[in-house]
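Subject: Handing over a structure, with notes on what was found

Dear colleague,

I am passing on the structure below, together with notes on what came out of going through it. Please look at it first and then read on.

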Amino acid sequence: MMEQYIREAESVLLHTYNRYPVVFDHGEGVHLYDIEGKKYLDFVSGIGVFALGYKNEAYNDALKAQIDKILHTSNYYYNMPAIQAARELCRVSGMDRVFFTNSGAEAVEGALKAARKHAYLKDGKADHEIIALNHSFHGRTFGALSVTGTPKYREAFGPMIGNIKFADMNDLQSVKSQITEKTCAIIMETIQGEGGIHPATEEFLKGVRALCDENGLLLILDEIQCGMGRSGYMFAWQEYGVKPDIMTVAKAVGCGVPVGAFLMTEEVGQSSLVAGDHGTTYGGNPFATAAVCEVLRQFEERNIPDHVKEVGEYLFEKLEEIKAADNRITAHRGKGLIQGLEFNAPVAPVIQKSLDNGLVLINAGSNIIRFLPPLVITKEDVDEMLVILKEALKAEI
Ligand SMILES: *Cc1c(COP(=O)(O)O)cnc(C)c1O
């Protein structure tokens, strides 16, 4: 049955993904079920989206209630869920101003526009440079793609937006060497996700903040994957007390409803985008922001960051043991519930074998298995995952 649907999918969907051969039907807690009823333990959560687990009753009820009230108005009017979601996002992040988007890439687009406008208002020039990092991932639209540090994603689509320079993660000197009098901002993920789970060191992040302060640059932190509790902190930069000028969020901020946002300090808010500079039809509509409100409510009620710290440390210890016992594993990185095991060969056979045995895992680059479970996962779930992973590691790679 499943094969037939997959064949049909491949005849109607544009082939922009090499999909795993499974058609998911529904979820419950940290488990997914395919259309044939087979159960899977989910260690991907839709790439860090479904943080609070599937079939979350309070979340579903909040959305149903909002559907019965109103789904959409327009950004030319105010709506209550957007006001509350913005207030709560500011409260948990310490940022001051929010612009809601429909996706992560759009949040990055807005952040880049705000940074360039901020610089434009200072010197009246429109030739400002932005520094991004190698191996970064910021999304697939032109602005976001232009600051994405993986050349193969950009290659066929040139020219990119101009005046972007690249430096290396955790190499302050390489960032410093790219700064010119035209530089207006540095954009980076606090923990690189797609690029292979590379956390910024405390020294590097503090160094980049200092470079920004010394040179009058804005620091844009992309927290789309590593934010919303995933690192064991609400936002990964909070571990080091280094505050960005602009921050992007998406993925888990809606837990399944497509929504993102870029946030900024009052200083940037007062001196960047104004009426007419930026907009969106759907962004911040009452349905999407009702989801954000309920997500933030549950994060607080369930103290998600502390839970992630505890289970994340347990996962870290266990993956260290796996690494010590397998000489194909060359590195183990990450924190909280964003971790990766790097192998000396492509990991697709291990992921496929896991899937066969009821465990959903994903790669980050061809040689890295990425662990990005729902944030409500327990130590018992980690143990269940390890049994299947160990079996799958018998696969030849
Ligand atoms: C997923 C991701 C994006 C892009 O988000 P979309 O919603 O897919 O546009 C941007 N930055 C980071 C760090 C991401 O992980």
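To begin with the sheets in this predicted model, β1, β2, β3 and β15 make up an open sheet of 4 strands, which follow one another in the order β1-β2-β3-β15 with mixed pairing. The edges of this sheet are held by β1 (24-28) and β15 (359-360), and because each of them has a single partner strand, one side of each is left without a neighbour in the sheet.

Within that sheet, β1 and β2 run antiparallel and are joined by 4 bridges, and one of the pairs to look for is F24, whose bridge partner in β2 is D34. These two strands form a hairpin with 2 residues between them, in which G29 takes a positive phi near 65°. The next step across the sheet is again antiparallel, with 3 bridges between β2 (residues 31-34) and β3 (residues 39-42), and here H31 has L41 of β3 as its bridge partner.

A further open sheet, also of 4 strands, has the order β13-β14-β17-β16, and its pairing is antiparallel. Its edge strands are β13 (329-335) and β16 (362-363), each of which pairs on one side only. If you follow β16 to its partner, you will find that it meets β17 (residues 368-371) in the antiparallel sense over 2 bridges, with R370 in β17 as the bridge partner of I362.

Turning to the ligand, which residues surround it? The shell consists of S103, G104, A105, F137, H138, G139, E189, D222, I224, Q225 and K251, and by class these residues divide into 3 nonpolar, 5 polar and 3 charged. Two of the contacts come from the backbone: a polar backbone atom of G104 lies 2.8 Å from an oxygen atom of the ligand, and a polar backbone atom of A105 lies 2.7 Å from an oxygen atom of the ligand. A side chain takes part as well, since a polar side-chain atom of K251 is 2.6 Å from an oxygen atom of the ligand. On its own the ligand has 380 Å² of accessible area, and the protein covers 81% of this.

There is also open space to describe, and the second largest pocket holds about 1,100 Å³ of it. Of the 30 residues that line this pocket, N75, V98, F99, F100 and H278 are the closest to its centre. The elements that contribute two or more residues to the lining are α4 (80-93), β4 (97-101) and β12 (260-264). By class, the lining of the second largest pocket is made up of 15 nonpolar, 12 polar and 3 charged residues.

Finally, how many cavities of 30 Å³ or more does the structure hold? It holds 1, and the volume of the largest cavity is about 30 Å³. The residues that line the largest cavity are T190, I191, P199, A200, S231, A236, E239, Y240 and K335, a lining that by class has 5 nonpolar, 2 polar and 2 charged residues.

As you start, the ligand may be a convenient place to orient yourself, with G104, A105 and K251 among the residues that surround it, before you move on to the sheets and the open spaces.

With best wishes

Notes
Residues numbered from 1 in each chain as written. Predicted model: local features only at pLDDT ≥ 70, side-chain atom pairs only at ≥ 80, totals over all residues. Heavy atoms only, no water. 1 Å grid on protein atoms, 1.4 Å probe; cavity = no way out; pocket = protein on both sides within 12 Å on 5 of 7 lines; lining within 4 Å. Points joined across faces, edges and corners; volume = space filled by probe spheres on them. Nonpolar A, V, L, I, M, F, W, Y, C, P; charged D, E, K, R; others polar. Near = heavy atom within 4 Å. Polar contact = N/O pair within 3.5 Å; in protein donor to acceptor, adjacent residues only side chain to side chain. Areas by Shrake-Rupley, 256 points an atom, 1.4 Å probe, with all protein chains shown as cover. Pairing = 2+ DSSP bridges.
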